[in-house]
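This report goes through a predicted model, taking selected residues and helices before the sheet and the pocket.

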Amino acid sequence: MSVNCSLWQENKLSVKHFAFAKFSEVPEECFLLFTLILLMFLVSLTGNALITLAICTSPALHTPMYFFLANLSLLEIGYTCSVILKMLQNLVSEVRGISREGCATQMFFFIFFGITECCLLAAMAFDRYMAICSPLHYSTRMSREVCAHLAIVSWGMGCIVGLGQTNFIFSLNFCGPCEIDHFFCDLPPVLALACGDTSQNEAAIFVAVVLCISSPFLLIIYSYVRILVAVLVMPSPEGRHKALSTCSSHLLVVTLFFGSGSITYLRPKSSHLPGMDKLLALFYTAVTSM
């Protein structure tokens, strides 16, 4: 279905409504992707809700590792709901429009939860580093106050970056076309619709990625290098297996989330391909949460 942008403009200076591009002209392909994403969404929503409930109701799980896991599970519920619900609607509906304000709101929550997840994953890696490399000092260095401060900084960083980036992008004019070639209001496809020079916005995104995505990722890498060194000198195979087993799922999430996110936001603008961007978006929104 083609989009008549002239119907969605309040004036000639700036588009007031957007529409998402159709995934495919073949209904069966859209339905197949809808079913796949819906299953991943339900698994993610149910699993993260049960994890949060189990941690909150079990005193034995009131430890730093599970405190961060509960934060991450709550975050994933918000993250997936902010993106995937609209994505599912767009796959099966002929009406795939979204207002400028609605697009800005979705972008804010996407950035907010995404940056917060980067920081929380770094905090979780630091927690595992302290538990394995400094077990005798773990209880004092990872006290309840320290964990609370790390969580507050993570959520606060996400909020600040989300507000800043969203306000900066939507202060631009969008002159049309108004079709977003993506599943949701992600930064690169929305920025591609803006009028005039967007080099400052691109520079701001790059700086945010380096500070809030690359820096936590480097901290995670450093923590796991130290953990690996500590595990290799452990005398018993059982001890090595136990130490590594607590890190395996975290490492998998880190690889999927940071890998797909870095490829998306650190690539030059000229190398962005809509098909590749959509595939990567599925990884850092649906697959990682599941």
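## Phenylalanine 126 and helix α3

Phenylalanine 126 is part of helix α3. With a relative accessibility of 29%, phenylalanine 126 is classed as partly exposed, since the partly exposed class runs between 20% and 50%. Its C-alpha atom is 9.9 Å from that of isoleucine 227, although 101 residues separate the two in sequence.

The helix around phenylalanine 126 is mostly covered, with 27 of the 34 residues of α3 buried. The length of α3 can be checked against the rise per residue: at 1.5 Å a residue, its 34 residues should span 50 Å, and the end C-alpha atoms are 49 Å apart, so the two values agree.

## Threonine 166 in helix α5

Threonine 166 sits in helix α5, which covers residues 144–169. Its relative accessibility is 8%, so threonine 166 counts as buried; the cut-off for that class is under 20%. Between threonine 166 and phenylalanine 112 there are 9.9 Å from C-alpha to C-alpha, at a sequence separation of 54 residues.

## Helix α1 and leucine 38

Helix α1 takes in residues 27–57. Its 31 residues, at 1.5 Å each, should span 45 Å; the end C-alpha atoms are 44 Å apart, which agrees with that expectation. The buried positions of α1 are Cys30, Leu33, Phe34, Ile37, Met40, Phe41, Ser44, Asn48, Thr52 and Ile55.

Leucine 38 also belongs to α1. At 29% relative accessibility, leucine 38 is counted as partly exposed. The C-alpha atom of leucine 38 is separated by 8.3 Å from that of isoleucine 84, which is 46 residues away along the chain.

## Annotated transmembrane regions

An unreviewed UniProt entry assigns the feature "transmembrane region" to residues 31–54, 66–88, 108–126, 146–164, 203–225 and 246–266. Two of these spans can be compared with the model. Residues 66–88 are 100% helix and 0% strand, with end C-alpha atoms 31 Å apart. Residues 108–126 are likewise 100% helix and 0% strand, and the end C-alpha atoms of this span lie 27 Å apart.

## Overall secondary structure

How many helices and strands does the chain have? The secondary structure comes to ten helices and three strands. Along the sequence these elements follow the pattern β-α-α-β-α-α-α-β-α-α-α-α-α. The chain has 290 residues, of which 45% are buried.

## The three-stranded sheet

The three strands make an open sheet with mixed pairing, in the order β2-β1-β3. The edges are held by β2 (97–99) and β3 (179–180); each has a single partner strand, so one side of each is left without a neighbour in the sheet. Strands of a sheet pair through backbone hydrogen bonds, in a parallel or an antiparallel sense.

Strand β1, residues 17–20, pairs with β3 in the parallel sense over two bridges. The pairing of β1 with β2 is antiparallel and has three bridges. Alanine 19 has a bridge partner on either strand: glutamate 179 in β3 and glycine 97 in β2.

## The largest pocket

Rolling a probe the size of a water molecule over the atoms shows where empty space is left. The largest pocket holds about 550 Å³ of space. It is lined by 27 residues, and those closest to its centre are Leu69, Leu72, Ser249, His250 and Val253.

Which elements give two or more residues to the lining of the largest pocket? They are α1, α2 (64–92), α3 (100–133) and α9 (248–266). Helix α2 gives the most, with seven residues. By residue class, the lining of the largest pocket divides into 14 nonpolar, ten polar and three charged residues.

Notes
Residues are numbered from 1 along each chain as its sequence is written. This is a predicted model: local features need pLDDT of at least 70, side-chain atom pairs count only at pLDDT 80 or more; totals for chains, interfaces and linings use all residues. Side-chain values use heavy atoms; hydrogens and water are left out. Helices (H or I, at least four residues) and strands (E, at least two) are DSSP runs, numbered from the N terminus. The expected span of a helix is 1.5 Å times one less than its number of residues. Buried means under 20% relative accessible area, exposed over 50%, partly exposed in between (1.4 Å probe, protein chains only). UniProt positions are given in the numbering used here, feature names are shortened, and annotations may be inferred rather than shown by experiment. On a 1 Å grid over the protein atoms alone, a cavity is a set of points where a 1.4 Å probe fits but cannot get out, and a pocket is an open set with protein on both sides within 12 Å along at least five of seven lines; lining residues have an atom within 4 Å of a point. Grid points are joined across faces, edges and corners, and a volume is the space filled by probe spheres set on the points. Ala, Val, Leu, Ile, Met, Phe, Trp, Tyr, Cys and Pro count as nonpolar, Asp, Glu, Lys and Arg as charged, and the others, Gly among them, as polar. Two strands pair if DSSP finds at least two bridges between them.
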